[in-house]
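Please find below a colleague's note, set out as numbered points, to be read beside the sequence and the structure.

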Amino acid sequence: MDGIEDLKKKGNDAFGSGDVAVAVEFYSNALSGSLRLAESGQVSLESSDKLKEVIPSLLSNRSASLCKLEKFAEALNDANRAIQLKPSWVKLYHRKAQALLGLGLVDEARDTYSAAHDIEPSNSFIKKSLDTLDEQTGRKSAHAKINEFVEKHGSIKGCPTKLSLTMFEVQDCLGEGNYSSVFKAMFKSTNETFAIKMVDKTKANRMSRRHPNLFNELQMEKKLLQRLNHVNIIRLYFTMQDSSAIYYVTELASAGELWSQLMFGRNALVSIRPSLCAFYMAQLTNALGYLEDNGIVHRDIKPENMMLCTNGRECTLKLIDFGTAFDTIDTELNGPNFVGTPEYMSPEAIEAKSAPSFALDIWAFGCTLFQLHSGKIPFKGNSPYLTFLKTQALSYDIPNYFSNDLQDLVKRIFLKDPSERIGAKDRLRSIKAHPYFSSVDFNLLLQSQVTPVPTLAELCHQVICDTFIRVELSESNQKSVVLTKPKHLPKWASETGIFSVEKIGVDSRNSLFGLFAQRMILGYPYVFKLFYPNKVTARFHRTTTDHGVAGMSEQEEGKFTKPFILVQLGSLKDTTPETIEKTIRRINTLQPTPKLLVCSGALGNAQENKAKLGLLDEKIPIICCPDGRNDYTKEFGETYYSFHVSGIFVIVIDSFLLCSENEEECEKHAKWFEHQILTGKLCARHVVLVSHHAWLPIGTEQPCNGLFVPEKIVSRFLDKLQEASTQIILCGGANQGFIHTRKAQTDIQQKLYLTNTSPLGTNPCLRVVRVQGSHINTDTYLLDELPPWIALDKEEEATQDDGEEDDGPTRFSDISSDSSDDES
């Protein structure tokens, strides 16, 4: 570096003495040495930083010398190279402008000074040079043109003169991405507010190494937004750039993303009122119809890409983010076929074998429609892979609180053949004519977007929800979720069965049940019992129509925090009610309190035994496994389901159905079972399988009593269960044993426990399952020998992947109770 600095000094001395040609020679030699040193990679970090400063300086000095020698083209080349290396140095723009003037390119020189002025508005030399060129060319300055336009039109919108960031007052940050940020900004001359998306060039360049189509997407968004003009599509007013960023100036969506209306606290996604859903979806329908008329497939329709602009009672939906759109007219900037957000991608988008069609957006429209009404994305899995599997299998469950019209519209959208989807053949006309939109005037909606007034039922449902749980704003404007404790609830809100079918009817009951489930409070016994005529019925109907368990979703129970126990009971058949009651009362005293009671054997007399099982501490959920009775669903709920409990994933299968001779029903259940195994593999610490029929090791001779899973079924699922960290099968018809995998033990070290308990009979026994962080153990006890305390191994506390402290076993990590409540 010393030699390079010496050559540079000699060049400066020669230039100062007027020996310009010699100066050029010194600068050239210094540049050659600098470039060789930089390319060698054998320089220290300190020297590398110096080179980044020296090379642009040498190019600048040589450019000035070449201008003196009237070698303007060479001078221009050096100036451009220097600007690429150090775009924020305004002196380099002066060098470029001087070279351009030497070539007679006055307008280009003026634009160069204008760019320098944008970078450093306070530089008086640059401003004076710019004003001088404006006088020489007779051109008005940008500020003069802008002032004339504003004076004439009263607004900056539509002004053809190029703007700069210095003309705006940048205010609040509205959002940030990997390489861009969105800010609220005010145009200083008119006080008009806009949103400015700033794309950081350095970050974008870095991101483009992993995402080669990035700059193509930026160009696509600019091209389409300049071309489109629709009330439900965000308006792009100006684009600008400087040395560090590209700027998109758009209209300001004052109410934020539609997604934000679905957020309830930090963890929950909830629905919005049905009348408002139809209002937003009708506006989206108008936007998609306009896009189809203009030959554009958006390819990333979702609530995060819909902004809301409010003005009094009006609320206008604005579609944004056209970077990954597909233009069927001007195809030059179209990206790859496989793009989008996994949860909203159609089957043909996942396969990516053909060019996108407009039916692709109809599918995403359906996903958004479903989400606004339920808070759930219909095909969402625990990973993109599982999501794709569910989408391609058309595996989704329609909530029972969806209206008949809504159910019909959803079913007519989620069809695998794109051409058969409603609206695909008639430019969305059949969607607009569907009964779901019977109250909407689509043409009037283009002129006025007045928010519909809530119905009486919607208002009542909101008041009821707020009685139990609500979002409050703190003094610092932070949202927190507040759960009302039982003693603070009004009397009507503590009455068992107040929201049962018998009291308020099927539709209202199902709607409220769905709203409470979305807010993740059905796991609280004092809440769940409100939906059933009595406590016993509530205890045995926690399974839901989507084959889950209320209050035991991954969000609510997906975290493992410390070791715990489960209890498994054997067959209740031929067991006296007194024996069951004695067993339950003993379980109630067990420490630590069990997280779950599993009944996997024959359930006996439903009415008598449910009453006795119902004596179990209401904090302990009871899980039953179908025992083959015809009235099982009526008495105990769904026959197969899955759920989370304190970080483990439990799969309850209908082994009667799995062993059925009805091949179609058997295969349908088997496919569900396989998907649950995959889910457990990807999202849980341990997987536990509950089955009435026993599973025996491959090759074991089976008794002829019909209580064992056929070997072909065991063979199909055994390795899958092993690979999914399944450690135990709780069943009702075999003795304890091990199932060994057919794979080599070097591949899979663990064994599956196969357990059951004997019938309670007159000498009751039960099984205690100890769930540790790394393994699961079981012990069988006679009731009289059951110790009061089950010892658990001490283990390190589970930690979050991001290093934050675990929120613990609470079902809602940001729930705070009433601040005025101090319980002893």
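1. Rings of Phe, Tyr and Trp (for Trp, its six-membered ring) pair if their centres lie within 6.5 Å; planes under 30 degrees apart count as stacked, over 60 as edge-to-face and the rest as tilted. The structure holds 35 aromatic pairs of this kind. One of them joins Y401 and F402, an edge-to-face pair with 5.7 Å centre to centre and 75° between the planes.

2. The basis of these values should be stated. This is a predicted model, in which local features need pLDDT of at least 70 and side-chain atom pairs count only at pLDDT 80 or more, while totals for chains, interfaces and linings use all residues. Residues are numbered from 1 along each chain as its sequence is written, and side-chain values use heavy atoms, with hydrogens and water left out.

3. Overall, the protein has 30 helices and 25 strands (DSSP runs numbered from the N terminus, H or I of at least four residues for helices and E of at least two for strands). Of its 824 residues, 51% count as buried (under 20% relative accessible area, with exposed over 50% and partly exposed in between, for a 1.4 Å probe and protein chains only). Among contacts (heavy atoms within 4.5 Å) between residues at least 6 apart in sequence, 65% join residues at least 24 apart.

4. How do helices α1 and α2 pack, and at what angle do they cross? The axes of α1 (residues 2-16) and α2 (residues 20-40) come within 8 Å and cross at roughly 160°. Axes here are lines fitted to C-alpha atoms, for helices over the stretch in contact, and angles run from 0 to 180 degrees between N-to-C directions. The crossing angle therefore makes α1 roughly antiparallel to α2 (over 145 degrees; under 35 is roughly parallel, 65 to 115 roughly perpendicular and the rest oblique). Residues meeting in this contact include L7 and F15 in α1 and F26 and Y27 in α2. The contact residues divide into eleven nonpolar, five polar and two charged (Ala, Val, Leu, Ile, Met, Phe, Trp, Tyr, Cys and Pro being nonpolar, Asp, Glu, Lys and Arg charged, and the others, Gly among them, polar).

5. S65, in helix α3 (residues 45-68), is linked to this region. At 0% relative accessibility, S65 counts as buried. Leaving out residues up to four places away in sequence, S65 touches F15, V20, A23, V24 and Y27. S65 and V20 are 45 residues apart in sequence, yet 5.8 Å apart in space, C-alpha to C-alpha.

6. A second helix pair is formed by α14 (residues 359-374) and α16 (residues 404-413), which pack at an angle of about 150° with their axes 9 Å apart. As a result of that angle, α14 is roughly antiparallel to α16. The contact is made by I362, W363, F365, G366, L369, F370 and H373 of α14 with L406, L409, V410 and I413 of α16. These residues divide into nine nonpolar, two polar and no charged.

7. Is F402, the partner of Y401 in the aromatic pair, buried or exposed? F402 counts as buried because its relative accessibility is 5%. Elsewhere, F468, W492, F499, F513, F516, F528, F531 and Y532 form one aromatic cluster.

8. The final residue of this note is H669, in helix α29 (residues 663-683). H669 counts as buried, at 1% relative accessibility. Apart from neighbours within four places in sequence, H669 is in contact with Y640, I653, D654, L657 and L658.
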